Structures are given as C-alpha cells and as structure tokens.
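Good morning, colleagues. Please take a moment with the sequence and the structure on the screen before I begin.

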Amino acid sequence: MSLRALVFDVDGTIADTEEAHRRAFNEAFRAHGLPWNWDRRLYAELLQVTGGKERIASYLSRPGVIGPNGSNRAAGIAAIHATKTALYRRLLESDGLRSRPGVRQLIDEARAAGTRLAIASTTSIENIEPLVTAAFGREALRWFSAIATGDMVAAKKPAPDVYNAALAMLQLEPDSAVAIEDSAIGVQAAKAAGLYTVATPTDWSHSQDFAAADLVLSSLADLREPSAVSQAGLIGGLDRLRRMHAEATGRGHACPD
Ligand code: XBP
Ligand code: MG
C-alpha cells in the first residue's frame, strides 16, 4: 500500500502555537484571581503533560501551589480552561498566526496528488478551527478528511488513541499514512499507532529525544531536495516523503497508486 494520507499534529507542527497557549493560560489565571504565572522555562516543563486541563491539574499537584477555592477541583480546572480557550481563540484571531515553513507547500502538493489530509491533535476543535482558518483561510478545514481531537478519545498522547481515531475515520491501515509531529510525546503516540513519523521540533521541543522518529527535520521546508531536479523540475517534498515511506514500509512503490 503506498502513501495514502498525511496525518498532521496541530500545536507546534502546523503552527508554533505554544507561546500563544502559554499567554492564554497566564491571562486566564489572572482572570480567575490566581497568583500563577507560567514562565517559558516552567511551561516547557509542563508541556510534558498533554492537554490543557491535565496540565493545570499537574501544576496544581505541585507542592505549595494554591489552587482555586471551592470543593469541586475538576470544575474549577474546567472553568479556568474554558477561559483560557476563549482567550486563546481571541489571540489567534488578533495575532493571525502563520503556519510553519513547508507546511502549506506539503499540503498543496498532497491535495494536488490526491493524498488525503487528517489531523490528530490533543487540543480541541474549538482551537483547531480558528488556527486552520487563520493559517490557510476559511475553506481550509474542508481540506482535512478527518479531524481527531484529544476530547474524542480515552487517553491523550503519548497514547496512540488520537492517531487510531484518525486512521479509523480515514479507513486506512497505519502503514499507508505518515504522521507529522513536533514533540517526542507526539512521536511516541504516532509510532505506537504504527505510522511512519516525521518530527519537526520547535524551540519548545528541540532538546527532546527524537530517536523514535523515522525522519527528523528542522521544518517541512527541508523535505524539498534543492539538488535533486527531476525531469519535471524540483523533486517536491511529497515525492521525497513518498519514497522514504515506501522504503521504510517495504511496501508499495514510490509512485502514487
Ligand atoms: C498540544 C497539547 C495541547 C496544547 C494546549 O497539542 O498538548 O494541550 O498544548 O491546548 P498537539 P489545550 O497534540 O496538537 O501538539 O489547552 O486545548 O489542551
Ligand atoms: Mg504538537
């Protein structure tokens, strides 16, 4: 089976969003009267916990952290996270976040080649919609045949659940899809689901261990081989990815079906 779909992670992969998330978390803490401030060093540590609500809960479990008052801790966390999501959406609309280098190019090549697109993200559709729209325009959400999000599955990354959900929606086997991730936890999830996985680390994740990834690039722009010129011109990123996927899976052939 050759390469039939690209499954994109969102945060850190389609766009470098974690600074916007961090700002929204801190603004939400202030709005809820909490004396918390997640600086970059602390946030890089907390990113080891996927899911905003889980991240807040993990921070709350640290010694000396004073939490929201009231008996129902989960409700308090959910209220803070709802405020954070509203603030994050507003940031996306005002800051007009751009996609990372090479992402749009690869998406365009995939669409032109009939290679399907999917999303497998820990975040929520409430965050994915404005991000995809801000990065690629109003019609862009329709480009994705499947969108699997953290709140749809029992376990968030590094569990494979969200990738399994995306493959189920696509009705594809793991070895006919490629995952694109930015974090070691995301690579772990995609590999546990059986996908050939490309890692494109960000400043937040570059010091993590990406040994489990099949390919590590500084960005998807590096997929294009400037030296290799086919008779049709530059070998595009998708063709190169298709070849590497075929070699790694030992199946199918480099050309599209
Ligand atoms: C990254 C995450 C998310 C975001 C925050 O998701 O772990 O939790 O950091 O978004 P991805 P929420 O799988 O796309 O890299 O607050 O909505 O969780
Ligand atoms: Mg990510």
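**The two ligands and their surroundings**

Ligand 1 is surrounded by 19 residues, and the closest of these are Gly 52, His 81, Lys 84, Ser 121 and Thr 123. I should say at once that this is a predicted model.

Where does ligand 1 sit? It occupies the largest pocket. Helix H1, helix H3 (52-60) and helix H4 (73-95) each contribute at least two residues to the shell around ligand 1. The largest share of that shell comes from H1, with three residues.

Let me turn to the polar contacts of ligand 1. In the side chain of Lys 84, an N or O atom is 2.8 Å from an oxygen atom of the ligand. Thr 122 takes part through its backbone, where an N or O atom lies 2.8 Å from an oxygen atom of ligand 1. For Asn 127, a polar side-chain atom lies 3.0 Å from an oxygen atom of ligand 1. How much of ligand 1 does the protein bury? Taken alone, ligand 1 exposes 440 Å², and 95% of that is buried by the protein.

I move now to the magnesium ion, which is ligand 2. Which residues are its protein donors? They are Asp 9 and Asp 182, each through OD, and Asp 11 through O, at 2.0 to 2.3 Å from the ion. Along the sequence, the spacing of these donor residues reads D-x1-D-x170-D. The site thereby links distant parts of the chain, with Asp 9 and Asp 182 lying 173 residues apart. Asp 9 belongs to the loop between strand S1 (5-8) and helix H1 (18-31), whereas Asp 182 belongs to the loop between strand S4 (177-181) and helix H8 (184-192).

Are these two aspartates, Asp 9 and Asp 182, buried or exposed? The cut-off for buried is under 20% relative accessible area. Asp 9 has a relative accessible area of 4%, and is therefore buried. Asp 182, at 8%, is likewise buried.

My last point concerns Ala 213, which is placed in the loop between strand S5 (196-199) and strand S6 (215-216). Its relative accessibility is 13%, so Ala 213 also counts as buried. Ala 213 and Ala 184 are separated by 29 residues in sequence, and their C-alpha atoms are 8.3 Å apart in space.

To close, I would return to two items: ligand 1 in the largest pocket, and the magnesium ion with its donors Asp 9, Asp 11 and Asp 182. Thank you for your attention.

Technical notes
Residues are numbered from 1 along each chain as its sequence is written. Chains are lettered from A and ligands numbered from 1 in the order in which they are written. This is a predicted model: local features need pLDDT of at least 70, side-chain atom pairs count only at pLDDT 80 or more; totals for chains, interfaces and linings use all residues. Side-chain values use heavy atoms; hydrogens and water are left out. Donors are N, O and S atoms within 2.8 Å of the metal (3.2 Å for Na, K and Ca); water is not among the atoms, so sites may look incomplete. Helices (H or I, at least four residues) and strands (E, at least two) are DSSP runs, numbered from the N terminus. Buried means under 20% relative accessible area, exposed over 50%, partly exposed in between (1.4 Å probe, protein chains only). A residue is near a molecule or strand if one of its heavy atoms lies within 4 Å of it. A polar contact is a pair of N or O atoms within 3.5 Å; within protein, one must be able to donate a hydrogen and the other to accept it, and residues adjacent in sequence count only if both atoms are side-chain atoms. Accessible areas come from the Shrake-Rupley method with a 1.4 Å probe; for residues, only the protein chains shown count as cover. On a 1 Å grid over the protein atoms alone, a cavity is a set of points where a 1.4 Å probe fits but cannot get out, and a pocket is an open set with protein on both sides within 12 Å along at least five of seven lines; lining residues have an atom within 4 Å of a point. A molecule sits in a cavity or pocket if more than half of its atoms lie within 2 Å of its grid points.
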